Amino acid sequence: MQPPTIAHFCQKCRSPNPLGQEFCARCGTRLMIVVEPPAMKHDASEATTVHEEHLLERLSLLENRLGRLTERLEKGLSLLLRQSENTYATHTLVKTLVDALAEAGSINTAELERNWHERCEKDEARRTAKD
C-alpha cells in the first residue's frame, strides 16, 4: 500500500501542489504553510469550506506578519553585529594608544586604570540615581 501524499494547497486558486514546493504550479502564488491531510478530502460540507477559507486567510496573515518580523529581527541582528565590530575596533585603538603612551613614558597605566574605574563607578552611581 502506498503512503498517502500530503498536498500543499494554494491560497489563491486552491489547487494542490506537492509538499515542499515554494510557488503554486498553476498560478505562481507563493505557497503558505497550510497543508490539508488526505482524510479531509472526504469531508466536503459547506460549513467546513467556509471555516477552511477563514483559517487559510488567518494563517496567511500570520505568516506574512511572521515574515515581516523575521526581516526586522535580521536587520536588528545586522545592526548589532556592526555595532559590535565598531566597538571592538574602538577598543583596539584605545588599547594601542594606551600601550604606546605607556611605552613612551607619558602615562602611568596603573593610575590611568584606577582613574577609569573611578569614573565608571561615578557614572554608574549617577545612572542609578536618575532611575
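**Group meeting: a predicted chain of two helices and three strands**

Good morning. Among contacts in the chain between residues at least 6 apart in sequence, 32% join residues at least 24 apart, where contact means heavy atoms within 4.5 Å. The model is a predicted one, in which local features need pLDDT of at least 70 and side-chain atom pairs count only at pLDDT 80 or more, while totals for chains, interfaces and linings use all residues. Residues are numbered from 1 along each chain as its sequence is written, and side-chain values use heavy atoms, with hydrogens and water left out.

I turn to confidence. The pLDDT, which is the predictor's confidence in each residue from 0 to 100, averages 83 over the chain, and 81% of the residues score at least 70. Among the elements, helix α2 (residues 109–130) has the highest mean, 94, and strand β3 (residues 35–36) the lowest, 52.

The order of elements along the sequence is β-β-β-α-α. Helices (H or I, at least four residues) and strands (E, at least two) are DSSP runs, numbered from the N terminus. Of the 131 residues in the chain, 11% are buried; buried means under 20% relative accessible area, exposed over 50%, and partly exposed in between, with a 1.4 Å probe and protein chains only. The chain exposes about 11,100 Å², of which carbon and sulfur atoms supply 59%, by the Shrake-Rupley method with a 1.4 Å probe, where for residues only the protein chains shown count as cover.

Next, the loop between β1 and β2. Arg 14 lies in this loop, and its phi is near 60°, a positive value in a residue other than glycine. Arg 14 is partly exposed, because its relative accessible area is 33%. Ser 15 lies in the loop between β1 (7–9) and β2 (16–18) and counts as buried, because its relative accessibility is 9%. Beyond its neighbours within four places in sequence, Ser 15 touches His 8, Phe 9, Cys 10, Cys 24 and Arg 26.

A second serine, Ser 60, belongs to helix α1 (residues 46–104). Ser 60 is buried, because its relative accessible area is 13%. With neighbours within four places again set aside, Ser 60 is in contact with Gln 11 and Met 32.

Finally, the largest pocket. On a 1 Å grid over the protein atoms alone, a pocket is an open set of points where a 1.4 Å probe fits, with protein on both sides within 12 Å along at least five of seven lines; lining residues have an atom within 4 Å of a point. The volume is about 320 Å³, taken as the space filled by probe spheres set on the points. The lining consists of His 91, Val 94, Lys 95, Val 98, Asp 99, Thr 109, Leu 112, Glu 113 and Trp 116. Helices α1 and α2 each supply at least two of these residues, and α1 gives the largest share, five.

Thank you.
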